[in-house]
Amino acid sequence: MAVGGLGQVDQTYDGSKLRVGILHARWNSKIIEALVAGAKAKLLQFGVAEENIIIETVPGSFELPYGSKLFVDKYKRLGKPLDAVIPIGVLIKGSTMHFEYICDSVTHQLMKLNFELGLPVIFGVLTCLTDEQAEARAGLIEGKMHNHGEDWGAAAVEMALKFN
């Protein structure tokens, strides 16, 4: 069981000049809200100004890839380009193949967006077999795991700054 997250950050990152978008699905709102809060808290900890953390929603995880593209394009058109985007969703296995199709499609399209958009698109989608697994990964079950949203916030800052 992974409980430590992405581990020690490899250097000091100053996110004070970054604009980071968080686009989240509305399904599984209790879990999503915790993950968004974790990502936002970590971005703030890395110095990203609160007004430079832009949060928007889409209906579900399936809409995250296209929504992320539209989100990034919108802020580029407004002259306020994003330096990274964190699509956040939760997929929990049910009794049909729906889970597998959505997980596979969303994963591949989000990965592809990194190259198409030319900026970090952090994989912030939990793919869990049970509600309990999702709650644990959102930090909602004390002592079980940590909030993965924190990892995604840290990854966004690192990836936006590391190779510039």
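**Figure 1. Surface and overall build of the protein chain in the predicted model.** The accessible surface of the protein chain comes to about 8,800 Å², and carbon and sulfur atoms hold 55% of that area. Of the 164 residues, 46% count as buried. The C-alpha trace spans about 45 × 35 × 25 Å along its principal axes. The chain contains 5 helices and 4 strands, which follow one another from the N terminus as β-α-β-α-β-α-β-α-α. The radius of gyration is 15 Å, close to the 15 Å that the globule rule gives for 164 residues, so the chain is as compact as a globular protein of that length. Among contacts with a separation of 6 or more, 77% are between residues 24 or more positions apart.

**Figure 2. Charges across the protein chain.** The chain carries 16 positive and 19 negative charges. The mean position of the positive charges and that of the negative charges are 5 Å apart. Across the whole structure, a search finds 8 salt bridges; the views that follow include some of them.

**Figure 3. Close-up of K42 in helix α1.** Helix α1 covers residues 29-45 and includes K42. Is K42 buried or exposed? K42 is buried, and this lysine has no salt bridge. The nearest side chain of opposite charge belongs to E150, 4.9 Å away. A salt bridge requires a side-chain nitrogen within 4 Å of a carboxyl oxygen, so at 4.9 Å the K42 and E150 pair does not qualify. E150 is nevertheless in contact with K42, as are G153 and A154, when neighbours of K42 within four places in sequence are left aside.

**Figure 4. Close-up of the K69 and D73 pair in helix α2.** K69 and D73 form a salt bridge, with 2.7 Å between the closest N and O atoms. Both residues lie in helix α2 (residues 64-77), and because they are 4 residues apart, about one helical turn separates them. K69 is partly exposed, at 31% relative accessibility. D73 also counts as partly exposed, with a value of 22%; the limit for buried is under 20%, so D73 falls outside that class.

**Figure 5. Close-up of the K93 and E100 pair.** Which residue does K93 meet in a salt bridge? The partner is E100, and the N to O distance is 2.8 Å. The relative accessibility of K93 is 32%, so K93 counts as partly exposed. E100 is likewise partly exposed, its relative accessible area being 28%.

**Figure 6. Close-up of the K112 and E116 pair in helix α3, with a note on a salt-bridge network.** The closest N and O atoms of K112 and E116 are 3.7 Å apart, and the two residues form a salt bridge. The cut-off for a salt bridge is 4 Å, so a pair at 3.7 Å is counted. Helix α3 (residues 98-117) holds both residues; they are 4 residues apart, which means a separation of about one helical turn. K112 has 42% relative accessibility and counts as partly exposed. E116, with a relative accessible area of 49%, is partly exposed as well; exposed would require over 50%. Elsewhere, D10, E158 and K162 are joined into one network by salt bridges that share partners.

Notes
Residues are numbered from 1 along each chain as its sequence is written. This is a predicted model: local features need pLDDT of at least 70, side-chain atom pairs count only at pLDDT 80 or more; totals for chains, interfaces and linings use all residues. Side-chain values use heavy atoms; hydrogens and water are left out. Helices (H or I, at least four residues) and strands (E, at least two) are DSSP runs, numbered from the N terminus. The radius of gyration is taken over C-alpha atoms; the globule rule is 2.2 Å times the number of residues to the power 0.38. Buried means under 20% relative accessible area, exposed over 50%, partly exposed in between (1.4 Å probe, protein chains only). Contact means heavy atoms within 4.5 Å. Accessible areas come from the Shrake-Rupley method with a 1.4 Å probe; for residues, only the protein chains shown count as cover. Lys and Arg count as positive and Asp and Glu as negative; His and the chain ends are not counted. The place of a charge is taken as NZ of Lys, CZ of Arg, CG of Asp or CD of Glu.
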